[in-house]
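Me: I'd like a close look at one part of this model, with the cut-offs spelled out as you go. Start from a single helix and work outwards, would you?

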Amino acid sequence: MIRKLLRRVFRRGPLAEHPVETIAANRHGIRREQVSPGARRVCETLQKEGYRAYVVGGAVRDLIAGIEPKDFDVATDATPDQVRSLFRRSRIIGRRFQIVHVMQGAETLEVSTFRAAHDEDTLKDEHGRVLRDNVWGSMGADAARRDFTINALYYDPVREEVLDYHRGVEDLQKKTLRMIGDPRLRFREDPVRMLRAVRLAAKLGLRLDPKVEAPIAEMAKLIDNVPVARLFDEMLKLLFSGYAVECVKRLRQEGLHHGLLPLLDVILEQPLGEKFVMLSLASTDERVRAGKAVSPGFLFATLLWHEALANWASRKKAGELPMPALHAAMDAVLDQQAEKLAITRRIIGDIKEIWALQPRFEKRSGRAPLRLLEQPRFRAAWDFLVLRAASGEIDGELSEWWREFQEAGDDRRNEMLLPEAAKKRRRSRSRGRNTPGNPAPESA
Ligand code: ATP
Ligand code: MG
């Protein structure tokens, strides 16, 4: 007990607490109105009750960098029970480390109590990965346990000041991503920080501090020890950050694209599908930045499509009928990837629906096109078809036909439909080449 106390008092080294610097509005540039009303109100209420309360983490960083924050988190020295008692619409969540969700209008704010950095007594795995960190601490300790200096900033919306323990504002202005403490140690504690480094640098246009960059290549294999579900979450964050194309470029620069994550291998090691995948990431980025909805199912359907295509092609070559062959190919690819990538059953369902509708776009006569339009997943499937055309996998004429068909009135639709008989003739003429339902060859 006493030894533990002494150790805490005399703790030195990278995670020791730093003195705080108070930064005024003219230097940090954040205006109070940029903080959401809910976050402001939560901080004001807590401060009126005598607690410390700040907007913290990603939101402060993004505001200083001129990016609109996704959400606002609050950090305080009030305990979860104390927070809970101040807000009628709030609830405590989490078992190991409790935080409070406070509802303010349509907003839900995550309010967490200052947490201490772990010490020698913290439970770690045999590689030094921290398994549990759940001790409350001072504000300085809370700053020190965070990963990068730019993430350890606290904004006080009442006084309009930023409290900065690790020169994060300066790093942000110098466009450098710097680790708090020794990067090797911090990567060993939590290898996911390597991915966070690349994602944040891509998003904010920062260069990695050489001390952060240097150990990444040699430590990348530690990522294998991270639970697959956590990696999947981080992967989704990366792909839906609005900067996925830039992230992938950076991962490649860092040599992190190989063997780091199965999904990245899938993306980056398929020359035939690369154009398609990059187009898909670019369109995902565009949608995210425009605030439009994005679906993991659609994105994963694009990431794995060329693998499914290859599998399908070899089955058809072996004499299987096109449709059963497609379904067998889908199952084969998804069975193999789903477990590795921790793709959920729901997402798998979405992927299959989008894929299974693709051959149906080839049928442009009779009642088939109208029936396809009525499919609940038509819109996603058509977006997918447009990407296939843009990447050169199929003829753009097909996606254009469907664009017009969707918008056309009944008369125009009837004109557009290909005659049944003509279709039959075409089919027999081209048998053995690109029959409907078969993708064009990759070289097309
Ligand atoms: P985003 O913009 O994607 O939300 P973020 O930095 O806010 O990025 P979160 O996962 O929301 O990421 O984390 C909130 C804060 O918690 C971070 O700003 C950082 O201070 C801290 N944090 C998150 N993950 C880690 C980690 N692996 N190690 C140390 N601190 C972390
Ligand atoms: Mg965040």
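Reply:

**Helix H12 and its surroundings**

Let's start with the length of helix H12 (residues 228-239): at 1.5 Å a residue, its 12 residues should span 16 Å, and its end C-alpha atoms are indeed 16 Å apart, so the two agree. The expected span is 1.5 Å times one less than the number of residues. Helices here are DSSP runs of H or I with at least four residues, strands are runs of E with at least two, and both are numbered from the N terminus.

Some ground rules before going on. This is a predicted model, where local features need pLDDT of at least 70 and side-chain atom pairs count only at pLDDT 80 or more, while totals for chains, interfaces and linings use all residues. Residues are numbered from 1 along each chain as its sequence is written, chains are lettered from A and ligands numbered from 1 in the order in which they are written, and side-chain values use heavy atoms, leaving out hydrogens and water.

Back to H12: its buried residues are Leu231, Phe232, Glu234, Met235, Leu236, Leu238 and Leu239. Buried means under 20% relative accessible area, exposed means over 50%, and partly exposed is in between (1.4 Å probe, protein chains only).

Next comes serine 241, in the loop between H12 and helix H13 (244-253). It counts as buried because its relative accessibility is 16%. Its side chain makes a polar contact with the backbone oxygen of leucine 238, at 2.9 Å. A polar atom of that serine 241 side chain also lies 3.0 Å from the backbone nitrogen of tyrosine 243. A polar contact is a pair of N or O atoms within 3.5 Å; within protein, one must be able to donate a hydrogen and the other to accept it, and residues adjacent in sequence count only if both atoms are side-chain atoms. Leaving aside residues up to four places away in sequence, serine 241 touches Arg199, Cys247 and Val288, with contact meaning heavy atoms within 4.5 Å.

Arg199 takes us to helix H9 (residues 192-204), which has 13 residues and reaches 18 Å from its first C-alpha to its last, close to the 18 Å expected. In H9, 13 of the 13 residues are buried, so this helix is largely enclosed by the rest of the structure. Just after H9, glycine 205 takes a positive phi of about 65°.

H9 also has a partner: its axis and that of helix H4 (residues 58-65) come within 11 Å and cross at roughly 30°. Axes are lines fitted to C-alpha atoms, for helices over the stretch in contact, with angles from 0 to 180 degrees between N-to-C directions. H4 and H9 are therefore roughly parallel; under 35 degrees counts as that, over 145 as roughly antiparallel, 65 to 115 as roughly perpendicular and the rest as oblique. Making the contact are Arg61, Asp62 and Ala65 of H4 with Leu200, Lys203 and Leu204 of H9.

Arg61, Asp62 and Lys203 are also linked in a network of salt bridges. A salt bridge puts a side-chain nitrogen of Lys or Arg within 4 Å of a carboxyl oxygen of Asp or Glu, and the whole structure has 29 of them. Another one ties arginine 193 to glutamate 189, with the closest N and O atoms 2.9 Å apart. Arginine 193 is buried at 10% relative accessibility, and glutamate 189 is buried at 3%. Glutamate 189 forms a salt bridge with arginine 186 too, at 3.0 Å between the closest N and O atoms.
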